[in-house]
Amino acid sequence: MDAVIDTIPQLIKDIEQLENLKAEKENERLALESTNKKLKYRLKFLKEASANASKMNAFDTQECSLINIHVILINYFSKAIKTAYPNLEDFGQPAVTAGSKFADYQCNASMQICKLLKAKGENVSPNAVAKRVVECLEKCDIIEKVDVSGPGFINVWLGRNKLRDILQFILDNGLKAKPTVNKQKIVIDFSSPNVAKEMHVGHLRSTIIGDSLSRVFEFIGHDVLRLNHIGDWGTQFGMLIALLQDKFPNYKTESPPINDLQQFYKQSKVLFDSDPEFKKRAYDCVVKLQSMSPDHVQAWKLICDVSRREFQKIYNRLNINIVERGESFYQSRMENLVKELEDKGFLENDEGRKIMWGPECSIPLTIVKSDGGFTYDTSDFAALKQRIEEEKADCILYITDAGQSTHFDTLKKCAIRANILDPSRVRMEFIGFGVVLGEDKKKFKTRSGETVRLVGLLDEGIKRARDKLIEKGRDKILTEEEMKQAETAVAYGCIKYADLCHNRSHEYVFSFDKMLEDRGNTAVYLLYALTRIRSIINNLGTHCENINQPISLDHEKEWKLAKTLLRFSEVLSKITEDFCLHHLCEYLYDVATTFNEFYDNCYCIEKSQTGEIIKVFTGRILLCKITAEYMNTGLNLLGINTVSRM
């Protein structure tokens with residue numbers, strides 16, 4: 001016995017070493033995963049660049065209406081570096097940045113090349129490397145000049161004539177993507193409220209982010225299926241129907257209104273947890289519903305219809321298009337999934353439950369409960385299988401709060417283990433977001449501690465927007481119809497923009513006062529900026545017709561505005577990679593502030609002392625029109641309606 005006891009300290013030490021080793025391996029795994037994501041991001045740019053290699057020297061204006069200058073320059077320098085240093089391996093993507101004080105763009109690859117050459121025994125200065133790369137550059141008609149400065153910085157000046165042609169094409173034809181070569185079927189799962197409950201502020205982020213991502217992918221040219229995976233099936237409906245049998249005798253022919261339904265749901269949950277007899281009746285109702293008993297199915301349909309109408313009121317107000325596909329849709333598919341997983345030996349028994357483990361997962365999926373019922377895990381698994389096999393999805397995005405990350409990570413790993421998901425063919429991504437906070441920096445709730453109802457939030461937004469417009473005296477200028485359009489655009493626009501302008505992974509404080517400010521990065525500022533541009537154009541009347549002048553890009557502020565506008569495609573490319581819409585918000589704010597710089601420094605209209613128009617600088621007016629096109633398109637992608645007067 002003493003000998004056994006003597007070994008205990010060593011065993012404890014061995015266990016600690018194993019735990020430390022496990023932690024180190026986990027850190028290594030996370031680091032590799034992060035590196036892998038970065039490499040994939042870089043590879044995407046290189047693939048895009050490679051695909052454009054044959055079009056490198058000359059660009060068709062129509063093909064370039066959504067030109068990605070950043071990708072073109074990466075390709076431009078990648079090819080020159082390969083020519084200059086053919087034996088240089090693993091160089092990767094050259095660093096190209098915009099907005100240099102010295103040029104339009106700058107390539108800072110020389111230092112990196114020097115380090116790689118030094119490792120091979122070659123000592124060359126960055127300046128010499130840069131000059132050699134420049135010597136190997138081919139001619140490109142969007143580039144006017146390239147030179148080397150300082151310790152090897154390669155400066156790039158863009159060709160104004162070619163970019164003027166591209167902007168002219170957009171002016172004539174509108175801002176739209178060319179037909180995509182690699183069109184994908186993209187399923188976006190968002191919003192997902194529960195039947196018999198009102199939508200609340202917790203549904204706001206998923207709904208807004210999901211809608212805007214759908215708009216971006218649709219704009220690019222992909223086939224997007226917007227899905228609303230509502231909670232319309234399961235034990236809660238047995239509980240609710242059992243209570244309605246006692247409290248609402250007409251439950252077979254009508255449903256209580258949504259407010260009463262929500263209260264009934266809360267009561268039924270209390271009884272289910274405390275009254276064994278009620279619990280037995282609730283389970284009996286679930287069995288009858290799942291076996292399609294006519295009375296129970298009719299009651300369930302009535303409950304769903306009332307909820308659906310309430311959801312649709314919110315979606316109509318926010319201009320959200322979405323296809324409802326609740327958990328009930330997957331009932332037979334869940335049964336088939338369970339059989340398939342059992343037959344393949346993936347399910348384990350755990351105190352009466354049937355569970356499935358994914359590789360390196362801390363928790364399993366509960367596929368069948370001990371009472372034989374299905375769970376959210378089951379319906380999510382069946383939904384994933386249906387989207388892959390029946391919808392033929394190339395990409396599946398789940399827009400939900402960050403707290404669900406473990407669940408979706410487990411789902412993904414289990415689906416891969418079951419050979420249902422092949423990550424090399426289908427991309428599955430969890431798009432998590434932070435919670436909405438109140439101004440007290442705590443989870444956003446009413447003063448009484450209740451969850452904030454979404455319909456109440458929208459009503460409050462309308463009231464505050466109208467008050468703000470009246471405070472600005474707009475009610476004296478706008479017609480009642482224009483006033484209504486303006487207050488709706490401001491109210492819903494500011495709610496959406498306040499959400500989307502933050503990095504989605506972060507929390508944000510919900511504040512109507514800040515949202516409705518007309519200065520800084522807010523929807524109100526952008527809407528005012530756009531209506532101002534439109535009024536400049538509209539006030540010209542006949543002076544703005546049949547303009548045959550070229551777009552003016554000679555003044556430094558004109559050129560700065562043009563370059564800012566042409567970053568649009570680069571911004572969309574970022575969004576398709578990291579699913580963060582604040583990139584588009586920042587872009588639109590840059591456009592608005594850069595336009596103001598341009599307008600303050602460049603006369604567009606010259607008037608007499610009496611206010612009569614003496615001269616119109618038509619090339620600059622065309623730049624105003626193009627700016628309006630970009631801003632209107634960007635705001636529409638964010639789901640924000642614009643108005644002609646405000």
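Asparagine 596 sits in helix α20, which spans residues 582-601. In this predicted model, is asparagine 596 buried or exposed? Its relative accessible area is 17%, and because buried means under 20%, asparagine 596 counts as buried. Setting aside neighbours within four places in sequence, asparagine 596 has contacts with Tyr525 and Arg532.

Let me turn to a second asparagine. Asparagine 155 belongs to strand β4, residues 153-158. Asparagine 155 is buried as well, with a relative accessible area of 2%. Which side chain does the side chain of asparagine 155 meet in a polar contact? The partner is glutamine 106, and the distance is 2.7 Å. Glutamine 106 also appears in the list of residues that asparagine 155 touches, once residues up to four places away in sequence are excluded. That list includes Phe102, Ala103 and Tyr105 alongside Gln106. Its other members are Lys145, Val146, Asp147 and Ser149.

I move next to phenylalanine 617. This residue is placed in the loop between strand β16, residues 613-616, and helix α21, residues 618-637. Phenylalanine 617 has a relative accessibility of 22%; since the buried class ends under 20% and the exposed class begins over 50%, phenylalanine 617 counts as partly exposed. How far apart are phenylalanine 617 and cysteine 604, in sequence and in space? They are separated by 13 residues in sequence and by 5.0 Å from C-alpha to C-alpha. Cysteine 604 is also one of the residues touched by phenylalanine 617, together with Tyr603, Ile605 and Glu606, when residues up to four places away in sequence are not counted.

The next topic is a pair of helices. Helix α6 covers residues 204-220 and helix α15 covers residues 480-500; their axes come within 10 Å and cross at roughly 85°. Because angles from 65 to 115 degrees count as roughly perpendicular, α6 is roughly perpendicular to α15. Which residues meet where these helices touch? From α6 there are Leu204, Arg205, Ile208, Ile209, Asp211 and Ser212, and from α15 there are Ile495, Lys496, Asp499 and Leu500. By character, the residues of this contact comprise five nonpolar, one polar and four charged.

I close with the confidence of the prediction. The mean pLDDT of the chain is 90, and 89% of its residues reach 70 or more. Over residues 48-56, however, the pLDDT is below 50. Beyond near neighbours in sequence, that stretch has 15 contacts in the model.

Note on methods:
Residues are numbered from 1 along each chain as its sequence is written. This is a predicted model: local features need pLDDT of at least 70, side-chain atom pairs count only at pLDDT 80 or more; totals for chains, interfaces and linings use all residues. Side-chain values use heavy atoms; hydrogens and water are left out. pLDDT is the predictor's confidence in each residue, from 0 to 100. Contact means heavy atoms within 4.5 Å. Helices (H or I, at least four residues) and strands (E, at least two) are DSSP runs, numbered from the N terminus. Buried means under 20% relative accessible area, exposed over 50%, partly exposed in between (1.4 Å probe, protein chains only). A polar contact is a pair of N or O atoms within 3.5 Å; within protein, one must be able to donate a hydrogen and the other to accept it, and residues adjacent in sequence count only if both atoms are side-chain atoms. Axes are lines fitted to C-alpha atoms, for helices over the stretch in contact, and angles run from 0 to 180 degrees between N-to-C directions. Angles under 35 degrees count as roughly parallel, over 145 as roughly antiparallel, 65 to 115 as roughly perpendicular and the rest as oblique. Ala, Val, Leu, Ile, Met, Phe, Trp, Tyr, Cys and Pro count as nonpolar, Asp, Glu, Lys and Arg as charged, and the others, Gly among them, as polar.
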